[in-house]
Amino acid sequence: MKLLITGSYGQLGNELTKILKNGRAEIGEISPAYSGCEIIAVDYDALDITDKDAVQAFIQEHQPDIIFNCAAMTNVDQCETDFETAMKVNAIGPRNLARAAKQTGAKLVHVSTDYVFSGTQATPRCEWDLCAPNTVYGKSKLLGERYAMEQCPNTFVVRTAWLYGYVGKNFVKTMLRLGKEKEQVTVVNDQHGNPTSANDLAYHLLALALTEEYGIYHCTNEGECTWFEFASRIMERAGLTCKVLPCTTQEYPSKTPRPAYSSLNNLMLSCTIGNHMRPWQEALDRYLANLEG
């Protein structure tokens, strides 16, 4: 089996590569079907997914069986000021990959986001709920979902949220750094969501990819919290004395509107391969322990 992973420098791409090489994730072992697979891990320096001709030539040459698209422009503030690049990376890129996947018969696993929803409804979003993004990031990612599924029938769209992994920048690492540098930090306490381990997400992407259960999925760790509660847990479990103070979104304004409520319901996972995502507290504790180790 031959696998192509785009966005391999990022948190999720890195986890996929690591899990495939180790044969197991923190949840458990992955399928033996991946044993001895060939991994083609690329990032923007090796493959520009916004270049249609380059994508087509690359996939025709390498003939992957499964494409995991982890490439994205995820800086939501930057997306607002650089609309064209956001659309190219988050919408045109998936379209190019999907077209090439269809031509070669490959499966496509495309990763999306909770930002495709408005974030104004205070119940967990299911896969069939109405999408109404109010940011350039969310709009570009939603268009990428639609392009991918239109262009390639063998597509899995997997939405996630509040992702953290062992490489790169994320909220957990930021809190750990601030917790060592400051006596107190202020974090918003009126935005709810699901902290998600990139390791857990990668495990489920690999499980899904071996099936033909194509469609839209939600995949986040179980349970929800606010950013304040998330930060408080990080400080407590890391043994840091830094005090976390709550504030409202209005007291901590942002260039880009953040969803007030973006929890996702992993319903389709439960109905197909099974939802094995850990409670967010358990996944976070394991992550912090591994960082310390």
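In which loop is Q63 found? In this predicted model, Q63 is found in the loop between α2 (52-62) and β3, and this residue opens the series of close-up views described below.

**View 1. Q63 in the loop between α2 and β3.** Although Q63 is not a glycine, its phi is positive, at about 50°. The relative accessibility of Q63 is 37%, and because buried residues lie under 20% and exposed ones over 50%, Q63 counts as partly exposed at that value.

**View 2. Strand β1 and its pairing with β2 and β3.** Strand β1 spans residues 2-6, and because four of its five residues are buried, the strand is largely enclosed by the rest of the structure. The chain passes from β1 through helix α1 (residues 11-22) to β2, and the β-α-β crossover made in this way is right-handed. Strand β2 (residues 38-42) runs parallel to β1 and is joined to it by five bridges, with K2 standing opposite E38 of β2 and with A41 of β2 as the bridge partner of I5. Strand β3 (residues 66-69) is likewise parallel to β1, to which four bridges join it, and here I5 stands opposite F68 of β3. Residue I5 can thus be followed in both pairings, towards A41 in β2 and towards F68 in β3.

**View 3. The stacked pair of W162 and W227.** A search of the whole structure finds 12 aromatic pairs. In one of them, the rings of W162 and W227 have their centres 3.6 Å apart and their planes at 20°, and the pair is therefore classed as stacked, since planes under 30 degrees apart meet that criterion. The two residues come from distant parts of the chain, W162 from the loop between β5 (155-160) and β6 (163-164) and W227 from helix α8 (residues 227-237), with their positions 65 residues apart in sequence. Both W162 and W227 are buried, with relative accessible areas of 12% for W162 and 17% for W227. The backbone of W162 has a phi near 45°, a positive value in a residue other than glycine.

**View 4. F171 against W227, and the wider ring cluster.** The ring centres of F171 and W227 lie 4.7 Å apart with the planes at 55°, so this pair is tilted. Because F171 belongs to helix α6 (residues 171-181) and W227 to helix α8, the pair ties together parts that are 56 residues apart in sequence. Ring pairs link both residues into a cluster made up of W162, Y164, Y166, F171, W227, F230, W280 and Y287.

**View 5. Helix α6 and the elements packed against it.** At the start of α6, a side-chain oxygen of N170 reaches to within 3.0 Å of the backbone nitrogen of V172. The buried residues of this helix are V172, M175, L176, L178 and G179, and they pack against β6, β7 (184-188), α8 and α10 (280-292).

**View 6. M235 of helix α8 and its contacts.** Residue M235 lies in helix α8 and counts as buried, because its relative accessibility is 3%. When neighbours within four places in sequence are left aside, M235 is in contact with M175, G179, V185, L240, C242 and V244; of these, M175 and G179 are among the buried residues of α6. For orientation within the whole model, I49 lies 38 Å from M235, C-alpha to C-alpha, at a separation of 186 residues in sequence.

**View 7. H204 in helix α7 and the backbone of H276.** Helix α7 (residues 198-209) contains H204, which is buried, with a relative accessible area of 1%. A polar atom of the H204 side chain lies 3.0 Å from the backbone nitrogen of H276. Leaving aside neighbours within four places in sequence, the residues in contact with H204 are I27, C219, L269, I273, G274, N275, H276 and M277.

**View 8. R95 over the ring of Y147.** The charged end of R95 sits over the ring of Y147, at 5.5 Å from the centre of that ring.

Definitions and conventions. Residues numbered from 1 in each chain as written. Predicted model: local features only at pLDDT ≥ 70, side-chain atom pairs only at ≥ 80, totals over all residues. Heavy atoms only, no water. Buried < 20%, exposed > 50% of the residue type's maximum accessible area, 1.4 Å probe, protein only. Pairing = 2+ DSSP bridges. Right-handed = clockwise from strand over helix to strand, strands pointing away. Phe/Tyr/Trp six-rings, centres within 6.5 Å; stacked < 30°, edge-to-face > 60°. Lys NZ or Arg CZ within 6 Å of the ring centre and 35° of its normal. Contact = heavy atoms within 4.5 Å. Polar contact = N/O pair within 3.5 Å; in protein donor to acceptor, adjacent residues only side chain to side chain.
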